[in-house]
Amino acid sequence: SDVLSLKLSRNNSIWKEVWGEFMRAISESEKGLPKLVSLHLDVTGAGQAGGAIVKALGSGKVPSLKFLCEKGDLFGVFPLYFDAEGLPGLIDALREGSFPSGC
């Protein structure tokens, strides 16, 4: 795919499960989004799907990604939340060192 940027900001009515499914679609796709540089998730509930986000980042399917959001919260941070299901994905990604170089 030739997608360079996805601006999904201000979609705060979308549930955690939907964000998780979107991220799983990226990580499980054949090619992923190899040219994606920015994925704008400001003012969304996407951070609630932290495990799925980390799985997508660690999948090797978004190697060019540099930005998850433009502004983050009040402190400029985009928080990711993990549950018992998502935490192993973070552990695996950290062990494998498979995050995009820009993240």
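**Trp19, one cavity and a pocket**

Trp19 counts as buried, because its relative accessibility is 4%, under the 20% cut-off. Keep in mind that this is a predicted model. Beyond Trp19, here's a quick look at its ring partner, an enclosed cavity with a lining of ten nonpolar residues, and a pocket with a volume of about 290 Å³.

**The aromatic pair**
- The structure has one aromatic pair, made by Trp19 and Phe22 in an edge-to-face arrangement.
- Their ring centres sit 6.4 Å apart, with 75° between the planes.
- Trp19 and Phe22 are about one helical turn apart, because they are three residues apart in helix 1.
- Phe22, unlike buried Trp19, is partly exposed, at 27% relative accessible area.

**The cavity**
- Searching the whole structure turns up one cavity of 30 Å³ or more, and the largest cavity holds about 50 Å³ of space.
- Its lining includes Met23, Ile26, Leu36, Leu39 and Ile53, along with Ala56, Leu57, Val62, Leu65 and Leu68.
- Helix 1 and helix 2 are the elements that give two or more residues to this lining, and helix 2 gives the most, with three.
- You won't find polar or charged residues in this lining: the split is ten nonpolar, no polar and no charged.

**The pocket**
- The largest pocket has 16 lining residues, and Arg24, Gly51, Ala52, Glu85 and Gly86 lie nearest its centre.
- Helix 1 (16-28) and helix 2 (50-58) are the elements that give two or more residues to the pocket lining.
- By class, the pocket lining comes out as four nonpolar, six polar and six charged residues.

Notes
Residues are numbered from 1 along each chain as its sequence is written. This is a predicted model: local features need pLDDT of at least 70, side-chain atom pairs count only at pLDDT 80 or more; totals for chains, interfaces and linings use all residues. Side-chain values use heavy atoms; hydrogens and water are left out. On a 1 Å grid over the protein atoms alone, a cavity is a set of points where a 1.4 Å probe fits but cannot get out, and a pocket is an open set with protein on both sides within 12 Å along at least five of seven lines; lining residues have an atom within 4 Å of a point. Grid points are joined across faces, edges and corners, and a volume is the space filled by probe spheres set on the points. Helices (H or I, at least four residues) and strands (E, at least two) are DSSP runs, numbered from the N terminus. Ala, Val, Leu, Ile, Met, Phe, Trp, Tyr, Cys and Pro count as nonpolar, Asp, Glu, Lys and Arg as charged, and the others, Gly among them, as polar. Rings of Phe, Tyr and Trp (its six-membered ring) pair if their centres lie within 6.5 Å; planes under 30 degrees apart count as stacked, over 60 as edge-to-face and the rest as tilted. Buried means under 20% relative accessible area, exposed over 50%, partly exposed in between (1.4 Å probe, protein chains only).
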